[in-house]
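Biologist: I should like to request a close look at a single part of this structure. Please treat it in one connected account, suited to a computational chemist.

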Amino acid sequence: MKNIRVLVVGCGNMGASHAKAYQNVAGFEICGLVSPGNSKEVLNEALGGGQKLYSDYYTALADSKPDAVCISTYPDTHEAYSIAALEAGCHVFLEKPIADSLAGAIRVAEAVQKSGKKLVVGYILRHHPSWIKFIEIAKTMGKPLVMRMNLNQQSHGYMWDVHRNLMKSLSPIVDCGVHYIDVMCQMTRSKPLRVSAIGARMTEDIPTGNYNYGQLQIHFEDGSVGWYEAGWGPMISQNAYFVKDVFGPKGSVSIVAKNAGGEGKSDDVESHTKTESLRVHHADIDSNNEFTKDDEWVNLTDEPDHQGLCDREQAYFLRAIQDNVDLTDHVEDAVNSLRIAFACDESVRTGEMVRL
């Protein structure tokens, strides 16, 4: 079977990781690197050199004639770039979010259907063994569930540049929140009914009308509730910035990340997916209201690093293409989590609860 030729678009953090994955996963070959600045030269060197380099995406798409396109650019380009690739007959790996508007995400989903090609959206936690286990255990805790999650990042240096660029098109609770909204939807598999959210603009260093701290709440049809909090910037506190905690009538399960939750790690991409341990608590009590079971610690030995996770994502992309995997639900979930995130964004801006 011949290799899938991939055009890598966007050569920053995620683009570089995906490009390395294409070297690590047998069945792919890179046919070009695209970025407007010098990040493509840096990545080309890291890959061992010899790659064809482009500054313009549309030129690269026409010239390299790829089988697949990997898009890891800023969100305001996701819709146009992915639709152009699909219309050119390419499969697409697209970093989340699927677009910078709900209407745009729906247009991408329609283009996928029309093209008959595969679209995999970069929901990296779906490929993480410990997160998969976290969701699995949460589903055994009964209903309703209470889901508490955050990822606040005290970003500075290069990461503050990245976050400011992201905030030209999206807020933190949309850009990061789609991951955790997706997790909550997997845990409940219940219809979200309404959302409410708050936000604060804590610096003049971001566009007027956007905010760099946000917190959202989701109410589900089965009675479950969840909140997610995200803040970016040099002023953000690192106290309790890494909370991943779920409880139901039967007990609770929590991600305990002693190292990832340590001082100075909040804007370290490598630490964001680290789980290290799952703590499982059982609510069973005896006639004296004393617990009848000890807490359990689940330590999964299969704990991939960030690059390892990207390798798994691309292995899934390859399998989806080669085995013609039906990705209808995958694309639908990506649109749905973005729909919820944008409803939260609307709630911040209007001060009103939004019904879905």
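Which strands does helix 6 lie across, and at what angle does helix 6 run to strand 12?

Modeller: The model is a predicted one. In it, helix 6 lies across strand 7, strand 11, strand 12, strand 13 (277-282) and strand 14. The direction of helix 6 makes about 165 degrees with strand 12.

The sheet beneath this helix deserves description next. It is an open sheet of nine strands, ordered 14-13-12-11-7-10-9-8-15, and its pairing is mixed. Strand 14 (296-298) and strand 15 (354-355) are at the edges; each has a single partner strand, so one side of each is left without a neighbour in the sheet. Within this sheet, strand 11 (residues 244-248) pairs with strand 12 (residues 251-256) over four bridges, in the antiparallel sense. One of the residue pairs there is phenylalanine 247 with its bridge partner in strand 12, serine 252. In general, the strands of a sheet are paired through backbone hydrogen bonds, in either a parallel or an antiparallel manner.

The connection that follows helix 6 also has a feature of backbone geometry. Proline 144 lies in the loop between helix 6 (129-138) and strand 7 (146-150). The peptide bond that joins lysine 143 to proline 144 is cis, with omega of about 0 degrees.

Helix 12 also lies across strands of the nine-stranded sheet. The strands concerned are strand 8, strand 9 (213-220) and strand 15, and helix 12 runs at about 50 degrees to strand 8. Strand 8 (192-200) is preceded by a loop from helix 9, and arginine 189 is found in that loop. Arginine 189 has a positive phi of about 45 degrees, although this residue is not a glycine.

Helix 12 leads on to a pocket. The second largest pocket has a volume of about 340 Å³. Its lining comprises 16 residues, of which Ala109, Val112, Gln113, Thr328 and Val331 are the closest to its centre. Helix 12 (328-350) and helix 5 (102-115) each supply at least two residues of this lining. The most comes from helix 5, with five residues. By class, the lining of the second largest pocket has eight nonpolar, three polar and five charged residues.

Helix 5 in turn leads to the other sheet. The loop between strand 5 and helix 5 holds proline 97. The peptide bond from lysine 96 to proline 97 is cis, and its omega is near -5 degrees. Strand 5 belongs to an open sheet of six strands in the order 3-2-1-4-5-6, in which the pairing is parallel. Strand 3 (53-54) and strand 6 (119-121) stand at the edges of this sheet with a single partner strand each, so one side of each is left without a neighbour in the sheet. Four bridges join strand 1 (residues 4-9) to strand 4 (residues 68-71), and the two run parallel. Leucine 7 stands opposite valine 69 in strand 4. Helix 1 packs on this sheet, where it touches strand 1, strand 2 (28-34), strand 4 and strand 5 (91-94). The direction of helix 1 makes about 165 degrees with that of strand 1.

Helix 1 is also part of the lining of the largest pocket, which the account now takes up. The largest pocket has a volume of about 1000 Å³. Of its 46 lining residues, Asn13, Met14, Ser72, Val162 and Leu166 are the closest to the centre. The elements that give two or more residues to this lining are helix 1 (13-24), helix 4 (78-87), helix 7 (158-166), helix 9 (177-188) and helix 10 (269-272). Helix 7 gives the largest share, seven residues. By class, the lining of the largest pocket has 20 nonpolar, 20 polar and six charged residues.

The chain as a whole remains to be described. The chain has twelve helices and 15 strands. Its radius of gyration is 21 Å, close to the 21 Å that the globule rule gives for 356 residues, so the chain is as compact as a globular protein of that length. Along the principal axes, the C-alpha trace spans about 75 × 45 × 40 Å.

How values were computed
Residues are numbered from 1 along each chain as its sequence is written. This is a predicted model: local features need pLDDT of at least 70, side-chain atom pairs count only at pLDDT 80 or more; totals for chains, interfaces and linings use all residues. Side-chain values use heavy atoms; hydrogens and water are left out. On a 1 Å grid over the protein atoms alone, a cavity is a set of points where a 1.4 Å probe fits but cannot get out, and a pocket is an open set with protein on both sides within 12 Å along at least five of seven lines; lining residues have an atom within 4 Å of a point. Grid points are joined across faces, edges and corners, and a volume is the space filled by probe spheres set on the points. Ala, Val, Leu, Ile, Met, Phe, Trp, Tyr, Cys and Pro count as nonpolar, Asp, Glu, Lys and Arg as charged, and the others, Gly among them, as polar. Two strands pair if DSSP finds at least two bridges between them. Contact means heavy atoms within 4.5 Å. Axes are lines fitted to C-alpha atoms, for helices over the stretch in contact, and angles run from 0 to 180 degrees between N-to-C directions. The radius of gyration is taken over C-alpha atoms; the globule rule is 2.2 Å times the number of residues to the power 0.38.
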